[in-house]
Amino acid sequence: MIKYLKSESYYDDLYDLWTVEECLRIEKQWANKIKDLKEGEVGMVKLGKVIQLHFAKGERYRSKRKVLDEWIEADKKRDEKLNRTDVPKDVKCLKCQGTMEVTFKDLNELDINVLRVLFFFECLKCGKRRGVFEDGQEYELKGARLSKSEMDQWDTDDIERKKQKKKDQELLEKRRADFCLSDNEGVEYILDSNRLKEFAEVLKEREQKKADPAYEEAMKLKKLTIVELEKFLKMVLEKEKYINLSFDKPIIDKHVIVPLTVQDEKSTREEYISVWTFQRILKKALNDTNWRLMSEGVNYRLGYLICKLKGYEQEADLIQIVKK
């Protein structure tokens, strides 16, 4: 009985043979290029061959497990279809209406999703043969028996298949180590190529950012630490008579949020004037830095002014604040 599912080594050998053949084609293509080159140009062409083969071998390894699993699953599906399909009932000999029995069955396959089982019957009386699909559709047999020339051709084809199989096996044994990566080599290739891809994406993203005017502006912002911010604001605010600046305990999450308190030394300044002036000075001072006054604004109580500042660190956040 036909069995489609093979051992793991069968699929492994088949895939690696294709890898060897693909790499040999690449080598042949580069060899043809080298023939027409001057001596000084050969070195770069050889380097090109090495690079292409490196990626060809690596990508073949990357795809290998997925392809093998697909092949194995497809053959399991074929076996399941072949084994679970019932023999058509009441198939009679077209010549004598005698009883027929199944001598052979196989799959008729348009693709893996369209499988039909073809049953071959032989009459127990007259030996007449029929081919019938699982749904009862007749299969046209060209002849009850193979002619001598057809049998000779079958034998010839079978000999050629065996010769090719032996030749393929010899090629695989000879060049497998040259073109088929081991698991350690394959994993290393995948890690390296993934890192290279990530690096290329980072470079691309950076180039796109550089083309954005907001990015350039964001990169020019002074990225102040909390100590630098305190010194800077004290200097700016004390000139305008806002004194005794102090920071409370920070809230550290995605951003750094720091409560800030100052005192208005000018007791003659009205509350709304004090708040407006302080807010204007603070916003202007922070404009070129990575810190911003939070939207809740400034509260005033008996000469104390209280607010919260938010510090930004990430590029995306810095770009957003310069766009506001």
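Helices and strands are here runs assigned by DSSP, with at least four residues for a helix and at least two for a strand, and they are numbered from the N terminus. Counted in this way, the chain has 8 helices and 10 strands. The model is a predicted one, and the values below are computed from it.

## The chain as a whole

The radius of gyration of the chain is 40 Å, whereas a compact globule of 324 residues would have one near 20 Å. Taken along the principal axes, the box filled by the C-alpha atoms is roughly 125 × 65 × 30 Å. Of the 324 residues in the chain, 31% are buried, and the chain exposes about 22600 Å², of which carbon and sulfur atoms supply 52%. Among the contacts between residues at least 6 apart in sequence, 59% join residues that are at least 24 apart.

## Salt bridges

The chain has 23 salt bridges, and three of them are set side by side in the table.

| Acidic residue | Basic residue | Closest N to O distance |
|---|---|---|
| Asp-16 | Lys-64 | 2.9 Å |
| Glu-80 | Arg-84 | 3.2 Å |
| Asp-192 | Arg-195 | 2.5 Å |

In the pair of Asp-16 and Lys-64, Asp-16 lies in helix α1 (residues 8-35) and Lys-64 in helix α2, so this salt bridge ties together parts that are 48 residues apart in sequence. Asp-16 is buried, because its relative accessible area is 6% and buried means under 20%; Lys-64, at 15% relative accessibility, counts as buried as well. Asp-16 and Lys-64 also belong to a network of salt bridges that links them with Asp-12, Asp-13 and Arg-176.

The other two pairs each stay within one helix. Arg-84 and Glu-80 both lie in helix α2, 4 residues apart, which is about one turn of the helix. Arg-84 counts as exposed at 65% relative accessibility, while Glu-80 counts as partly exposed at 41%. Asp-192 and Arg-195 both lie in helix α4, 3 residues apart, again about one turn of the helix. Asp-192 is partly exposed with a relative accessibility of 36%, and Arg-195 is partly exposed with a relative accessible area of 48%.

## Two buried arginines

Arg-60 is found in helix α2 and is buried, with a relative accessible area of 16%. When its neighbours within four places in sequence are left aside, Arg-60 is in contact with Tyr-15, Trp-18, Thr-19 and Glu-22.

Arg-175 has its place in helix α3 (residues 148-179), and at 19% relative accessibility Arg-175 also counts as buried. The side chain of Arg-175 makes a polar contact of 2.6 Å with the side chain of Asp-178. Leaving aside neighbours within four places in sequence, Arg-175 is in contact with Val-20, Leu-24 and Glu-27.

## A nonpolar patch on the surface

On the surface, Met-44, Leu-47, Val-50, Ile-51, Phe-55, Leu-196, Phe-199 and Leu-203 form a nonpolar patch, and together they have about 780 Å² of accessible area. Helices α2 (42-84) and α4 (183-210) each supply at least two residues of this patch, and the largest share, 5 residues, comes from α2. One of the patch residues is Leu-47, which has its place in helix α2 and is partly exposed, with a relative accessible area of 43%. Leu-47 can therefore be part of a patch, because patches are made of residues with over 30% relative accessible area and no salt bridge.

Notes:
Residues numbered from 1 in each chain as written. Predicted model: local features only at pLDDT ≥ 70, side-chain atom pairs only at ≥ 80, totals over all residues. Heavy atoms only, no water. Patch = residues over 30% accessible without salt bridge, like charges linked within 9 Å, V, L, I, M, F, W, Y side chains within 5 Å. Areas by Shrake-Rupley, 256 points an atom, 1.4 Å probe, with all protein chains shown as cover. Salt bridge = Lys/Arg side-chain N within 4 Å of Asp/Glu carboxyl O. Buried < 20%, exposed > 50% of the residue type's maximum accessible area, 1.4 Å probe, protein only. Polar contact = N/O pair within 3.5 Å; in protein donor to acceptor, adjacent residues only side chain to side chain. Contact = heavy atoms within 4.5 Å. Rg over C-alpha atoms; globule rule 2.2 N^0.38 Å.
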